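Let's take a walk through this protein together. Have the sequence and the model open side by side, and follow along as we go.

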Amino acid sequence: MLHIMSTKCRALAVIGCFLPFMLSAQNSFVFQEQSIAPGTHQKFKLKIAEGKDSTFIPISVFHGSQPGPVLGLTAGVHGYEYAPILAAQQIAQRIDPSTLSGTVLLVHLANVPAFLGRSPYVNPTDQKNLNREFPGKAEGSTTEQIAYQITQEVIARSDYFLDMHSGDAPEDLRPYVGYYRSGRFPEASQQGEAMARALGFDHIVIFDVANERMDEPSLYCSQEAFHRQIPSVDIECGRLGTVHTTDVDPIVKGVMSLLRHLGMTKGEPISLKAPIIIQERTSVTSPQDGIFYSLKTSGEFVAEGMKVGYITDFFGENPVDVFANASGIILYIIGTPPIKQGETVVRIGLMPTPKKPE
Ligand SMILES: [Zn+2]
């Protein structure tokens, strides 16, 4: 049958087509079999493991009154990295679901056993580093189960993803954000870069993922998101097990700006004109066990061959100098005395070479 519509009729048809979307706005969000109404938030404790090693993951779901993307946020993948953990507490207070478009899945503290056990790097119940266990195992050890639950319940449901870290207990770190990039996922890479910029940090590190690495297990929390083609970024802010407002505030401000960038709240994101982009990083590892004396602090610029510290034996003798293996900025350097053979002593971000005038 031939459809011949008048202009008025056609206009009505177009309105009719969009009407359900215009009126319906937002549906409920189902999490852990519970229905969360638009404009509300709910708290969950995801149960992990049984018996003496049982624990939980505290997650808040903020379901906006308006439709929009799902943003996954994780803090405390490392339980001794306090600045992002405390920033997450403030972020939870600041997100207002009644004015939010979309949904925020906020993992307040991914690694409760490491936090309560005051344990750097690893979960004390199984001695595993959560940020080396993604995508995790449903029936694995506590850490593997935490990775699995975060993968399934948060990462797999996100359109955008941010994992928040700082320097761990012994790490003197210079704040930066990073984003994942791969030729395989150009769009997710580009969106990740825009997210990194919207976080408002003045140093941006590019995590280039080689093609063969894309076919292996992700290991890292945010890389698991990227392997699923989700634009994915990290914040690294805070150091040495300390909590300073100068570290917590930029994380909170950055996340609020990210919400604006993604159109989840109103307003303009932070826009820095010329952040420093770091495409390559290099590290120096310790040749021996011993006592490390750092001569530099994070954020300092070093030239290749410059002495950054030295290591003595346990009698305070036979010092071995540690030299920078490249020119660039110290992203982090060990800031406490213990050092083991093979551990990273210093991580240097290489500065982009200035372009020669044509
Ligand atoms: Zn970390």
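We'll begin with the domains and how they meet, then turn to a sheet and finish with two backbone details.

Keep in mind that what you're looking at is a predicted model. The domain assignment splits the protein into domain 1, residues 29-276, and domain 2, residues 281-350. Their centres, taken over C-alpha atoms, sit 29 Å apart. Where the two touch, domain 1 puts in twelve residues and domain 2 puts in 13 residues.

How much area is buried between domain 1 and domain 2? The figure is about 970 Å², and carbon and sulfur atoms supply 61% of that. On the domain 1 side, look for Pro 170, Asp 172 and Arg 174: these lose the most area to domain 2, and together they make up 47% of what that side buries.

What about polar links across this boundary? If you go hunting for salt bridges between domain 1 and domain 2, the count is zero. There are, however, five residue pairs in polar contact between the two domains, counting pairs with both residues at pLDDT 80 or more. Two elements of domain 1 each give two or more residues to the side that touches domain 2, namely strand E8 (171-173) and strand E10 (203-208). Sort the residues on that side of domain 1 by type and you get seven nonpolar, one polar and four charged.

Now for the sheet. Find the open sheet of four strands that goes in the order E17-E16-E14-E19, with antiparallel pairing. Why do strand E17 (320-323) and strand E19 (338-339) each have one side without a neighbour in the sheet? They stand at the edges and each has a single partner strand, so one side of each is left open in that sense. As a reminder, strands of a sheet pair through backbone hydrogen bonds, in either a parallel or an antiparallel way.

You can trace the sheet strand by strand, starting from the E19 edge. Strand E14 (residues 290-294) is joined to E19 by two bridges, and the pair runs antiparallel. To see one of these, start at Gly 290, whose bridge partner in E19 is Ile 339. E14 also pairs with strand E16 (residues 307-312), again in the antiparallel sense, over four bridges. Here Ile 291 stands opposite Thr 312 in E16. From E16 the next step is to E17, through four bridges between antiparallel strands. Ile 311 is a handy marker for this step, with Val 320 as its bridge partner in E17.

Two spots in the backbone round off the tour. Phe 134 and Pro 135 are joined by a cis peptide bond, with omega at about 10°. Pro 135 lies in the loop between helix H3 (112-116) and helix H4 (142-153). The other spot is Gln 32, in the loop between strand E1 (29-31) and strand E2 (34-36). Gln 32 has a phi near 50°, a positive value in a residue other than glycine.

Methods. Residues numbered from 1 in each chain as written. Predicted model: local features only at pLDDT ≥ 70, side-chain atom pairs only at ≥ 80, totals over all residues. Heavy atoms only, no water. Domains from an automatic or database assignment. Contact = heavy atoms within 4.5 Å. Buried area = accessible area lost by both parts, 1.4 Å probe. Salt bridge = Lys/Arg side-chain N within 4 Å of Asp/Glu carboxyl O. Polar contact = N/O pair within 3.5 Å; in protein donor to acceptor, adjacent residues only side chain to side chain. Nonpolar A, V, L, I, M, F, W, Y, C, P; charged D, E, K, R; others polar. Pairing = 2+ DSSP bridges.
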